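Here are a few notes to go with your first look at this one. They stick to the aromatic rings and what sits around them.

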Amino acid sequence: MCSDKIKVFLCLLAIGSILIFFNGCAPTKEVMTAEESPVPVDSTDVQEIMQTPTDWIEDRLNEMTLEEKIGQLMMSRANGYYVSSESDQFQRLVHLVSERKVGGLVFFQGDVHTTAVMINQLQQLAKVPLLIAADFEWGSAMRIRRATRFPEAMALGATRDTLLAFLMAKAIAKESRAIGIHQIFAPVADVNVNPDNPVINTRSFGEHPKLVADMASALTHGLQAGGVIATAKHFPGHGDTRIDSHIGLPTLNVTQERLDSVELFPFRRLVRDGVLSIMVAHLDIPQVSGKKGLPATLTPEIQYELLQKRLGFDGLTVTDALDMGTVVNQFGSDSIAIKAIDAGADVLLILPDEDAAAHALMTAVQRGRISEARINHSVRKILTLKQWVGLDEKKIVDVENISNVVATPSHLQLAKDIARSSITLLKNDNVVPLERFGRKKILNVIVSDVEDYRTEIHRPTTSYSNERVGDYFTAQLRRRTNAIVTVQLNPSSNLMVIDSIVKLADNSDIILLPIFSKTRSGSGKIGLAQPLIDAVNRLIKRNKPSIIAAMGSPYVVRSFADAQAYLCSYSDAEAVTEATVEALFGEIPLKGRLPVTIPAMFPYGSGIVSPQFVLRRDLPESVGFDGDRLAAVDSIIKSAIKDSAFPGAQLVIVKDGAIVTERAYGMLEYGSTSSLSTKNSIYDVASLTKVVATTSAVMKLYDEGKLGLDDLVVKYIPEFGNRGKSNITLRNLLLHNAGLPAFKRLYLTCTSSQEALDSVYNTELTYQSGDSTVYSDFGFIVLGNIVQRITGTSLDTYIDSVFFKPLGMMQTMFNPPESLWAQIAPTELDTLLRKSMVRGVVHDENAWMLGGISGHAGLFSTASDLAIFMQMLMSGGRYGGKQYLKPETITLFTTKQSKKSTRALGWDIKTVNGYSSAGSLFSETSFGHTGFTGTSIWTDPEKKIFVILLTNRVHPTRNNPKIMQIRPAVHDEVMRALD
């Protein structure tokens, strides 16, 4: 059993790693640059770990024969797919574990549960617990289907956010341990300074040594804090090569000074920060080894002299796979094993023939070429790390618990957060954002570097199958536009195909070119072939706006100098694909910074910072909500419907530009089983008209200098100035302190809209202007007519032209046509005036008398439409790339104007003491409004959240005040759900 000393030490190591990391990298919504906020030095002492003897380690070592010790040095290949226990594949593993007694296995492709089951089976056969490893550079989905697929390292580098790297690593560690994997061959610490590198490329964090060091250190902290062994690779640095070491031996011809300042910089940092393992690459570095043609894996001058002595690394040294062509073609399995151990390796990874290698090593020890003490030295390291991961106490994983750990919503959301933070906009000649469901025809040309390339789906929610490259990208586009034609362009495309695509381009308005090109180990190639480059350039030169989206290697854009926009996504992962399309349509802010140089085009660090232009739909967890807690709002509304507070409702909750709730409840009317309330149902929003239509129209005219807040009303409506009203200003009307009466039943005394208006103009004051605040419909009836007189058009026409139509609020209108009445929620059974159930016409009797178009009531809308409008206000008056209102105007109109009342200009401000329909948890600066029919909007600018609740609570009668309790209950529950 593990001694108390080492148990305490290892616990402190994990806790200390977290505390020290977060002490220097506190969570923040700002992008954390590696240059400005590097991960702090960890106090991890690998030497102390490796040299802390325990009874378990010494007992296991003493029990082993020499042959068993040699077996411990080997880590063999395995796959996690289902195979019969009698199959050759499984029997090979049984032989390696039971007879050869290998120290570990490295798992490649497999399924989540099958991999875990197989690991358990093999652990039960092992005399000494197996150390299980995997290449999870971008998450367990790199090898395990239906697990979490994170973006590649270069995407992390583009975020410059070390906290995201840490959290990603913690998630990878958690999933790994749940499956039974203890060692991860990551982080990639190679500095990718060569754009033509065929094997590293996006696997690297970037070209700057310090950026790579910071991100690799953060990933190491996260992995080891999560209880897995981090293995930095590929020492001493694979970032400046042109040959894929899977098929040939790359040579790194650099000076010692250059090696120290670039390639070794991240590894030196990782050794200092306590990385437990390092993988040595198959690289020829003659300036260090003094020899030519000998890979670093087999070179003592690199493994022992440079890594262990000069850099002071005491951890576990692992070779790169020894079955790779670069070594297996030059050395036999027996020679490889002996040379690697001679060079200083502890673990021989994926030997081409384990039995031959074991025999060669046995012979070498027996003949005195390698001492048994040397073997013991490496075995002791291996056993120490097996104990570090807890294999001395538990080697079987709980398969039933995997579904609680792997591909959880929080891990998938983290992958999405990283993807969104990484998207890098390098150029934009007013092409991005694209318009959702716009009229412009988009030609979507999927460019791939391989023929008919099919990609594995890593979406845990989707049945596993293959898709053509770009299919998921296209599916995301189709959720946002119908005006799209998609074609494929790959190495199999002949001139006839290319000519047909060019013709399609001529009939399109925008050419979108997502380019799927990435490294593929063993291919030895990177980038697009010249015929494809020529074809893409033909399309770009068609005098149509063109957008290049690099969905893998960012270096591909250097072949296309004349596009109007460039985005780099660094990956074709599903989360990245979603984020890329979100970026194209302006649904997310863009803040990624190029982690490499694109020769002759974009320098390191390039990236246009761009705000979010439009709303997006997202999970509550993406913006800090507890999704389960937020679901409690549903219960409040459903209970209200059951209690007959209203027959139906719509609810939209938005935070940080993300729609996290967009739901409809109940029915449009009582007694009907066919009138479900849907997200497209239209509600009479009553007095929300005052703020959404009238106040906004006034704000627009104020922006344009066409009116002033302290202008006298009589400037625009001279006939208003009778009965002591000549000194009333527009500001008085907006603040409800003009002295006008709250309400009069014009519909009972007037026979026409003009007569009703004249009655308003001739009304007497009920108190001195400015003395008191009395909420008044009359003031907004007057404001609506001021808008009409200034613009020369009706309020509905004006507001529709400047706001509703440009914003795409297609279901927001006055006087809906009769063709829409079936989807409009009925309001009240009017037994006095209209003698019928009111539906499709305004509920407010005075507004009805005024022709259905008034400054105080008459607007119909949906919660989804109103969300667009409110997001425009929250975004400083900008939406979809267009500026509708000045930010300072919005601030002025939504700020409390006096200590004497809660009124802003048009808008109301939350009541601090006493009842507020906003509840008790919205901030004091929150602004909003309610409507008599049971509608409300409340916005908290401090928390960047707004809630829109639409009901028809007046159906079938207005004598139903239950909404008074429901509104604050809903708003309070929303705020409680903030995590």
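1. Let's start with a small group of rings: Phe-803, Phe-869 and Tyr-884 are linked into a cluster by ring pairs. Keep in mind as you browse that this is a predicted model.

2. Taken as a whole, the structure has 7 aromatic pairs. One of them is Tyr-566 with Phe-602, an edge-to-face pair with 5.6 Å from centre to centre and 70° between the planes. Tyr-566 belongs to strand β17 (residues 565–568), while Phe-602 is in the loop between α21 (574–584) and β18 (616–617), so this pair ties together parts 36 residues apart in sequence.

3. Are these two rings buried or exposed? Tyr-566 has a relative accessibility of 1%, so it counts as buried. Phe-602 comes out at 12% and counts as buried too.

4. Next, have a look at Tyr-702 and Phe-893. Their ring centres are 5.9 Å apart and their planes meet at 65°; because the cut-off for edge-to-face is over 60 degrees, that is what this pair is called. Tyr-702 sits in helix α24 (residues 688–703) and Phe-893 in helix α32 (residues 887–893), so the pair ties together parts that lie 191 residues apart in sequence.

5. As for exposure in that pair, Tyr-702 is partly exposed at 30% relative accessible area, whereas Phe-893 is buried at 0% relative accessibility.

6. Finally, two arginines are worth finding on the screen. Arg-149 lies over the face of Trp-138, 3.5 Å from the ring centre. Arg-953 has its charged end over the ring of Phe-932, at 4.6 Å from the centre of that ring.

Note on methods:
Residues numbered from 1 in each chain as written. Predicted model: local features only at pLDDT ≥ 70, side-chain atom pairs only at ≥ 80, totals over all residues. Heavy atoms only, no water. Phe/Tyr/Trp six-rings, centres within 6.5 Å; stacked < 30°, edge-to-face > 60°. Helix = DSSP H or I, 4+ residues; strand = E, 2+ residues; numbered from the N terminus. Buried < 20%, exposed > 50% of the residue type's maximum accessible area, 1.4 Å probe, protein only. Lys NZ or Arg CZ within 6 Å of the ring centre and 35° of its normal.
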